[in-house]
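Got the viewer open? Here is a walk through the model, one selection at a time.

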Amino acid sequence: MKIIKADNYSELCRTAAKIIIEKVTHADKINLGLATGSTPIGLYCFLVDDHLRNHTSYHHVKTFNLDEYVGLHPVDRNSYHYYMREHLFHHLDLLPENIYLPNGISLDLDAECEQYESLIVNQGGIELQLLGLGRNGHIGFNEPGTSFQSKTHVVALDNSTRKANSRFFDSIEQVPQHAITMGMETIFSSKEILLLVSGEGKAGALQRLLEGEILEEFPASILKKHPNITVIADNAAIGSNVHRDGSTFLVACDPESRQ
Ligand SMILES: N[C@@H]1[C@@H](O)[C@H](O)[C@@H](COP(=O)(O)O)O[C@@H]1O
């Protein structure tokens, strides 16, 4: 596990953007796994900005989102379809047929999950999966206790997750009770993972990830076993808690990424 320490949120986003842009620029075709939440918003801004300035093309990119709320229509302002359109898709030259998210309003959610899982496999798997970190260690919407062998599935959201995400809704009652999420195994199967952790509120979760045991009670812990994972964390999230150990080393951001 490689950890890149960023001075602040902006630097974190710039560093992540640089990694993604490099991959997109050098690949003939590439499948990106994308995430929602507050953390990637700045990164998406950098990608859009780069697309406008440098004309980085996304014609050859396919995107697969981690999750979607059950019951929210794609045009609902709180759906992840809407979020992705607003923050990213609408601003890039991605081909609409290359954009995939789970369908949270499917009449057969189990079939939807199976199809989404097969879709990812049939499209050759995910090259680079972007992740945020829930305060309880969730990744995607895989809540504590989710099997490390899980594939795309429907989850009942933790109250703490609904509370955390209620900031995007008018009230907590409006936050859906369920979501579709890529499973732990789906995520782990990505060739490369980029985990973004920002803010003081995530310091506890980051510390547990780096120093705690690998347990299903803390889903993100399995990422320590992934052969190609980079964590980009800002100072606020790192705090004074991170120690070096055999598998973890802290590196400063590439100075070029500050430009
Ligand atoms: N389903 C999303 C996750 O994919 C995200 O990583 C997490 C953290 O969000 P934030 O970045 O807003 O802290 O929240 C949500 O629950």
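Start with the ligand and its shell: by class, the surrounding residues are three nonpolar, nine polar and one charged. This is a predicted model, so keep that in mind as you click around. Select the shell and you should get 13 residues. The closest ones include Ala35, Gly37 and Ser38, and Thr39 and Gly132 belong to that closest group too.

Now zoom out and switch to cartoon. You'll see eight helices and 11 strands in the chain. Draw a box along the principal axes and the C-alpha atoms fill roughly 50 × 40 × 35 Å. How does the radius of gyration fit a compact globule? For 259 residues the expectation is near 18 Å, and the chain comes in at 17 Å, which agrees. Colour by burial and 42% of the 259 residues count as buried. If you like contact maps, take the contacts with a separation of 6 or more: 81% of them link residues 24 or more positions apart.

Next, the inside. Select the largest nonpolar core, a set of 66 residues. Those with the most contacts inside this core are Ala16, Leu194, Leu195, Leu206, Ile232 and Ala233. Which helix gives the most to this core? Helix 1, residues 9-26, with seven residues. As background, nonpolar side chains in soluble globular proteins tend to be buried together.

Stay with Leu206 and show its surroundings. Leaving out residues up to four places away in sequence, Leu206 touches Leu133, Val197, Ala233, Ala237 and Ile238. Widen the selection to helix 7, residues 203-211, where the buried residues are Ala203, Ala205, Leu206, Arg208, Leu209 and Leu210. Note that Arg208 is on that buried list. What do the buried residues of helix 7 pack against? Strand 9 (192-197), strand 10 (229-234) and helix 8 (235-238).

That brings you to the strands. Strand 9 and strand 10 run parallel, joined by five bridges; put Ile193 on screen and you'll find Ile229 of strand 10 opposite. Strand 10 also pairs with strand 1 (residues 2-6), again in the parallel sense and over five bridges. To see one of those pairs, pick Ile3, whose bridge partner in strand 10 is Val231.

Hop over to strand 2, residues 30-34. Is strand 2 mostly covered or mostly open? Mostly covered, with four of its five residues buried. Strand 2 is joined to strand 3 (residues 61-65) by five bridges, and the two run parallel. Click Ile30 and look across to Val61 in strand 3.

Two last stops, both residues that are neither buried nor fully out in the open.

- Phe46 sits in helix 2, residues 41-54. Why is Phe46 not counted as buried? Because only 20 or more other C-beta atoms within 10 Å would qualify, and Phe46 has 19, so it is partly exposed. Beyond its neighbours within four places in sequence, Phe46 is in contact with Cys13, Arg14 and Ala17. Try a distance to Lys18 as well: 8.6 Å from C-alpha to C-alpha, with the two positions 28 residues apart in sequence numbering.
- Ser106 is found in the loop between strand 5 (99-100) and helix 4 (109-122). Ser106 counts as partly exposed because it has 17 C-beta neighbours inside 10 Å. Set your distance tool on Ser106 and His73: they are 33 residues apart in sequence, and their C-alpha atoms are 9.7 Å apart in space.

Technical notes:
Residues numbered from 1 in each chain as written. Predicted model: local features only at pLDDT ≥ 70, side-chain atom pairs only at ≥ 80, totals over all residues. Near = placed C-beta within 6 Å. Nonpolar A, V, L, I, M, F, W, Y, C, P; charged D, E, K, R; others polar. Rg over C-alpha atoms; globule rule 2.2 N^0.38 Å. Buried ≥ 20, exposed ≤ 12 C-beta atoms within 10 Å, placed from the backbone. Contact = placed C-beta atoms within 7 Å. Core = buried A, V, L, I, M, F, W, Y, C linked by C-beta atoms within 7 Å. Pairing = 2+ DSSP bridges.
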